[in-house]
Structure formats: C-alpha cells, structure tokens
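Please work through the exercises below with the sequence and the structure side by side. Try each task on your own before you read its solution.

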Amino acid sequence: MKRYIDTHTHIYDADFASDIEDVIYRAQNEGVFSCILPGIDMESHPRLIQLASDRPDFTYPATGLHPTSVNSEWEKELSFVTERAKEKRYVAIGEIGMDGYWSRDYIEEQSIVFEKQIELAASLSLPVIIHSRDATEEIFSVLEKTRHLGLEGVFHAFSGSPETYRRIRTYGNFLIGIGGVITYKNSKLPATLAEIPIEHLLLETDAPWLTPVPYRGKRNEPSFIKHIAAKIAEAKHCSIDEVAEVTTDNAIKLFKLKI
Ligand code: NI
C-alpha cells in the first residue's frame, strides 16, 4: 500500500460540509494517511480547527493569513494569527505570501503581512507555506530581507521555471509543492521536474481547487493525489512507490510530524 501525505488541502471548506467523512474514507483507501490544513483567515478558521479537533488522527492544522484575504482589516487578522500561533498546535505558518493575480489593491499591505508572518514563523521555529501568484519578484524581495532567518518551508502550487526553483533554494530550505497543475495538457512542470530532485518535492491537492486530470472540472479531494504522484513518477523516470515514499518522508521532516 502506498502512503501519501496531502501537504496542502482545504477539506474544512464548506464544499465538504456534507460528505467530509466519505472524503476522508476515500483518501485513506488510496493511501493518504495524513493531511496538512493551511489557514486562510479568521472567517474560515473555526471550520479548520473543528476538523482538526474531530480528526486528529488524519489532520495537522496550520495558521496564517492568506494574501487574497489581506484587506483593510489586515492588522486585526494578523494579530489573530499571532495569537493562534502561540497555541503550539500548528505545524506551520501558512498559507502566506503574495497574490497579484486576483487584485493588486492591497499589494503593499500583502508585502508587510507576508514579512511579519515570516518573522513570526522564525520566532517559533515553524516552517512556512508560501502562496506565490503573479508576484514572484515582490516575494523574492521579502525573502531577500529575511534570508538571514534561516527559513524552512514550501512553495505551494509551484509552476515556475528551473531558474525560479534554483533562486528559491537560495532563500532557505524551501521544498516545492506539486499539485494537479502537473497533469494539465500544456504544463511545463514535467520538463522542469527533470531539474528538481525528489528530495525537494511535496505532494498536495489544494482541494477543493486545482483538480487533476482526469477529474478536472469537478471538486478536488485528497484521494486524487495518486494522479499527481503518477505524473511525477513519469517525469522523474521512477516508480510511484518511490514518489510516495520520498515525498512522505520529506513532509514528515519539514513539518516535524509525529507519526
Ligand atoms: Ni491553498
């Protein structure tokens, strides 16, 4: 039986309210034995923590303010994350980062919030889960400033070039989160993966979003992770077993999971 960890999934989302137990059952049947739940904002936090409390056997919570939730209330949101992080139950600060795709209205504030959450993670020796979309240079200028903190973390939903990967590695011990995008027809990720060792990869679904082929268009869920693993195995010319084993090991080490 292959053993996977879905290192980025939002199965606490309202989309799963009616069938979460079935979703977890299907995931476990496919070998997914654990999930990391990244935070978004104060509004969604109670659902995340409810699931983490209901299913401590299957989930690990993270806390963070997502860049697309940065608005005029950002200071309140940020102190909420700071308070939560002190509770010591979280395995990471995330997801944090910058997003210039949906809106650039609060891009300056996004940069401030990102930097402050990196400092928070460093002060607690926690890894970070980074969301980077249409803001690569802005993200890099924050990471340039915080390089001395010796950060660890993951660039989630990576779809960059080999050059971007190499630059990311200069900012700390960052792994690369690979999700459903690798299965899309015109994805350049399979070619890029030739230059990234499996020891630097994590598997993730980002459910309910970014559904892999052959389920594209439907709601995503952790049991679909095998399609991502299969595509990585093809790109790396190795077995799915090896992808499962090494990426699971990478996740256990990065998030210091007690398994
Ligand atoms: Ni996410």
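What follows is a set of exercises, each with a solution that goes step by step.

The model is predicted, so local features need pLDDT of at least 70 and side-chain atom pairs count only at pLDDT 80 or more, while totals for chains, interfaces and linings use all residues. Residues are numbered from 1 along each chain as its sequence is written, and side-chain values use heavy atoms, with hydrogens and water left out.

**Exercise 1. The metal site**

Task: Find which residues coordinate the nickel ion, and describe the geometry of the site.

Solution. Begin with the donors, which are N, O and S atoms within 2.8 Å of the metal (3.2 Å for Na, K and Ca); water is not among the atoms, so sites may look incomplete. His 8 and His 10 each offer NE2, Glu 95 offers OE and Asp 206 offers OD, at 2.0 to 2.6 Å from the nickel ion.

Next, take the angles among the four donor atoms, which run from 86 to 173 degrees and make the site irregular. For comparison, four donors count as tetrahedral if all angles lie between 85 and 135 degrees; four count as square planar and six as octahedral if opposite donors are over 155 degrees apart and all others between 65 and 115, and anything else is irregular.

Then look at the sequence, where the donor residues are spaced H-x1-H-x84-E-x110-D. His 10 lies in the loop between strand E1 (4-6) and helix H1 (20-29), and Glu 95 lies in strand E4 (residues 93-99), so this pair ties together parts that are 85 residues apart in sequence. Here helices (H or I, at least four residues) and strands (E, at least two) are DSSP runs, numbered from the N terminus.

Finally, consider the surroundings and the backbone of these donors. His 10 and Glu 95 are both buried, where buried means under 20% relative accessible area, exposed over 50% and partly exposed in between (1.4 Å probe, protein chains only). The peptide bond that leads from Gly 94 to Glu 95 is cis, with omega near 5 degrees. Asp 206, found in the loop between E8 and H8, has a phi near 60 degrees, a positive value in a residue other than glycine, and with 8% relative accessibility Asp 206 counts as buried.

**Exercise 2. Strand E2 and its neighbours**

Task: Which strands pair with E2, and how does the chain cross between them?

Solution. Start with strand E2 (residues 32-37) itself, which is mostly covered, since six of its six residues are buried. Two strands pair if DSSP finds at least two bridges between them. E1 and E2 run parallel and are joined by three bridges, and Tyr 4 has Val 32 as its bridge partner in E2. Between these two strands the chain passes through H1, in a right-handed β-α-β crossover; right-handed applies if, with the strands pointing away from the viewer, the path from the first strand over the helix to the second runs clockwise.

Now turn to strand E3 (residues 59-61), which runs parallel to E2 and is joined to it by three bridges, with Cys 35 opposite Thr 59. The chain goes from E2 through helix H2 (residues 45-54) to E3, and this β-α-β crossover is right-handed.

**Exercise 3. Strand E7 and an aromatic pair**

Task: Decide whether E7 is largely enclosed or open, and find which aromatic pair links E6 with E7.

Solution. Five of the six residues of E7 are buried, so E7 is largely enclosed by the rest of the structure. E6 and E7 pair in the parallel sense over four bridges, and Val 154 has Leu 175 in E7 as its bridge partner. On the other pairing, three bridges join E7 to strand E8 (residues 201-203), again in parallel, with Gly 177 opposite Leu 202.

For the rings, note that the structure holds four aromatic pairs, where rings of Phe, Tyr and Trp (its six-membered ring) pair if their centres lie within 6.5 Å; planes under 30 degrees apart count as stacked, over 60 as edge-to-face and the rest as tilted. Phe 155 and Phe 174 are edge-to-face, at 5.6 Å centre to centre with 90 degrees between the planes. Phe 155 lies in strand E6 (residues 152-156) and Phe 174 in strand E7 (residues 173-178), so the pair ties together parts that are 19 residues apart in sequence. Phe 155 counts as buried at 4% relative accessibility, and Phe 174 counts as buried at 0%.
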